[in-house]
Amino acid sequence: MLTALWFATFGLALVLMLRLPMRRLFGASAAFTLWLLPPWLALLPCLPAAPSRWLDLPSLQVHPATRIFVAQITPPASSTHGIFLLWAIGGLLCLLRLAIPYHRLLSQSRPLPATMWRVLQSDWPDLDPRRLRLHPAGPALLWAPRSLILLPADFLERFDARQRRLVLRHEHAHLRRGDALWSLLGELMLALLWFHPLACLARPRLRMDQELACDEYVLRQSPQEASSYARTLLHSTGVAATPMSIPWLTQPQLKERLNMIQRPRPGTVRRRVGFISLAMLMSGVAFVAQAAAWHGQHAAAKPSQDMSYVTQSAPIYPADAIKKKEQGTVVLLVLVSPEGKPIEATAEATTQAAPDLIKAATDAVMTWHFNPTMKNGKPIEAYARVPITFSLDQQMPPAPPAPTGSSATTSPSI
């Protein structure tokens with residue numbers, strides 16, 4: 001979870017830095033799409049990954065007289081439960097803050113009168129009457145399983161026919177772009193990051209970029225309406241933004257939206273270049289973030305914290321090996337399931353012990369139980385490197401060092 005938080009922080013900082021240059025170069029739509037970066041990075045640590053590191057466990061020593069021993073390593077207890085509980089309580093309160101006003105908005109909305117619907121149908125024939133509701137918070141788009149357009153009771157008096165058409169076109173564009181769902185997902189993510197200072201900076205800027213992208217979409221369809229669109233904004237009354245709704249206008253947005261209307265908008269080629277650049281940026285950042293996570297796991301991994309094992313049965317020193325005076329160290333590479341059971345055990349290529357010793361070590365390890373590697377609170381499949389030293393002497397020969405380079409590839413730490 002901590003890794004996901006760092007990735008989300010990095011993504012938020014990157015978006016806040018790049019949104020303005022992206023908008024100037026490639027348009028408002030590309031700048032709004034940039035907000036996919038924080039959740040994309042936050043999900044990277046949760047994606048399944050193949051185990052890729054041999055976790056070195058302590059060497060076990062076996063004498064001819066060795067029959068039973070108990071070997072156990074216990075990972076240190078976690079001290080993060082209190083922090084997690086505090087985060088969960090804060091997140092729950094933020095979700096309630098979203099749900100209560102949303103329910104109030106939904107319950108206070110009313111069907112449109114038939115006379116009003118007939119006038120609106122002449123203004124914008126493409127409107128679906130099932131999506132229209134009366135509410136003082138309108139004009140606005142409200143998220144629902146079937147998103148709703150909220151209109152105030154004085155909508156016909158507040159706007160003339162041309163202005164009504166532009167407002168309805170704007171709200172209809174929100175519907176077509178799926179902006180209500182994106183608003184909901186943004187609100188949920190920001191609620192989970194309630195403690196994060198960058199989340200407070202991100203919320204109004206996310207709303208702003210969403211409105212600018214919708215304005216750009218509308219004006220791209222009807223560039224001749226730019227001046228009328230600007231006048232409609234100027235004569236509109238701003239309303240307060242409410243959770244999971246997209247109002248036609250909030251007062252802080254007015255200046256920026258008017259500036260965007262006056263500036264030349266990028267053409268089709270430049271917008272496509274912007275989206276291609278954005279895809280490359282997201283892929284590159286994801287690659288760098290994953291590489292940084294891998295490096296951190298590789299540098300911080302310690303056998304006593306990464307994997308533990310419990311066993312009551314030592315490898316049996318083969319009688320033939322004792323007669324032949326065979327001894328040496330068998331290094332086993334063990335694949336451990338999320339349940340802690342060995343799936344397979346193979347001798348490392350550098351192992352030079354006799355076949356009898358390798359078989360004795362393998363048979364014993366396959367009966368052991370491991371405390372599996374944990375990732376994001378869940379057990380995962382991982383590898384362990386287990387050295388077992390067979391010796392006929394009282395003084396044990398040292399175990400070989402862990403391999404370096406490509407033979408010691410990485411795996412998620414536990």
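**Exercise 1. Find out how Glu216 and Arg220 are placed in helix α9, and what joins their side chains.**

Step 1: Start with the helix. Glu216 and Arg220 both sit in helix α9, 4 residues apart, which is about one turn of the helix. (Helices are DSSP runs of H or I with at least four residues, strands are runs of E with at least two, and both are numbered from the N terminus.)

Step 2: Now look at the side chains. Those of Glu216 and Arg220 meet in a salt bridge, 3.6 Å from N to O. (A salt bridge is a side-chain nitrogen of Lys or Arg within 4 Å of a carboxyl oxygen of Asp or Glu.)

Step 3: Check how covered each partner is. Glu216 is buried, with a relative accessible area of 3%, whereas Arg220 is partly exposed at 31%. (Buried means under 20% relative accessible area, exposed over 50%, and partly exposed in between, using a 1.4 Å probe and protein chains only.)

A quick word on what you're looking at: this is a predicted model, where local features need pLDDT of at least 70 and side-chain atom pairs count only at pLDDT 80 or more, while totals for chains, interfaces and linings use all residues. Residues are numbered from 1 along each chain as its sequence is written, and side-chain values use heavy atoms, with hydrogens and water left out.

**Exercise 2. Work out which parts of the chain the salt bridge between Arg257 and Asp215 links.**

Step 1: Find the bridge. The side chains of Arg257 and Asp215 meet at 2.7 Å, N to O.

Step 2: Place the partners. This pair links distant parts of the chain: Arg257 belongs to helix α11 (residues 254–262) and Asp215 to helix α9 (residues 197–221), 42 residues apart.

Step 3: Buried or exposed? Arg257 is buried, with a relative accessible area of 0%, and Asp215 counts as buried at 0% too.

Step 4: Set that beside another bridge. Arg130 and Asp128 meet at 3.1 Å, N to O. Here Arg130 is exposed, at 55%, while Asp128 is buried, at 19%.

Step 5: Zoom out. The structure holds 15 salt bridges, and Arg19, Arg23, Asp209 and Glu256 are linked in a network of them.

**Exercise 3. Describe how α9 packs against α11 and against α1.**

Step 1: Take α11. Its axis and that of α9 come within 10 Å and cross at roughly 35°. (Axes are lines fitted to C-alpha atoms, for helices over the stretch in contact, and angles run from 0 to 180 degrees between N-to-C directions.)

Step 2: Give the hand. The crossing of α9 and α11 is right-handed. (A crossing is left-handed if the near helix is turned anticlockwise from the far one by less than a right angle, and right-handed if clockwise.)

Step 3: List who touches whom. On the α9 side you'll find Met208, Glu211, Leu212, Asp215, Glu216 and Leu219, and on the α11 side Glu256, Arg257, Met260 and Ile261. (Contact means heavy atoms within 4.5 Å.)

Step 4: Switch to α1 (residues 2–26). This helix packs with α9 at an angle of about 35°, with the axes 11 Å apart, and the crossing is left-handed. Residues in the contact include Leu12, Leu16, Arg19 and Arg23 of α1, along with Leu201, Arg205, Asp209 and Leu212 of α9.

**Exercise 4. Explore helix α8 through Trp182 and Ser183.**

Step 1: Pick out Trp182. This residue is in helix α8 and is partly exposed, at 40%.

Step 2: See which patch Trp182 joins. Together with Leu36, Leu95, Leu181, Leu185 and Leu188, Trp182 makes a nonpolar surface patch of about 490 Å². Helix α8 (residues 179–192) gives the largest share of that patch, 4 residues. (Patches are made of residues with over 30% relative accessible area and no salt bridge: like charges are joined within 9 Å, and nonpolar side chains (Val, Leu, Ile, Met, Phe, Trp, Tyr) within 5 Å.)

Step 3: Move on to Ser183, which also lies in α8. At 13% relative accessibility, Ser183 counts as buried. Leaving aside neighbours within four places in sequence, Ser183 is in contact with Gln210 and Ile246.

**Exercise 5. Name the buried residues of helix α15 and some of what covers them.**

Step 1: In α15 (residues 355–365), the buried residues are Leu357, Ala360, Ala361, Thr362, Ala364 and Val365.

Step 2: Their cover includes α14 (319–323), β9 (328–336), β10 (342–347), β11 (369–371) and β14 (382–390).

Definitions and conventions: Areas by Shrake-Rupley, 256 points an atom, 1.4 Å probe, with all protein chains shown as cover.
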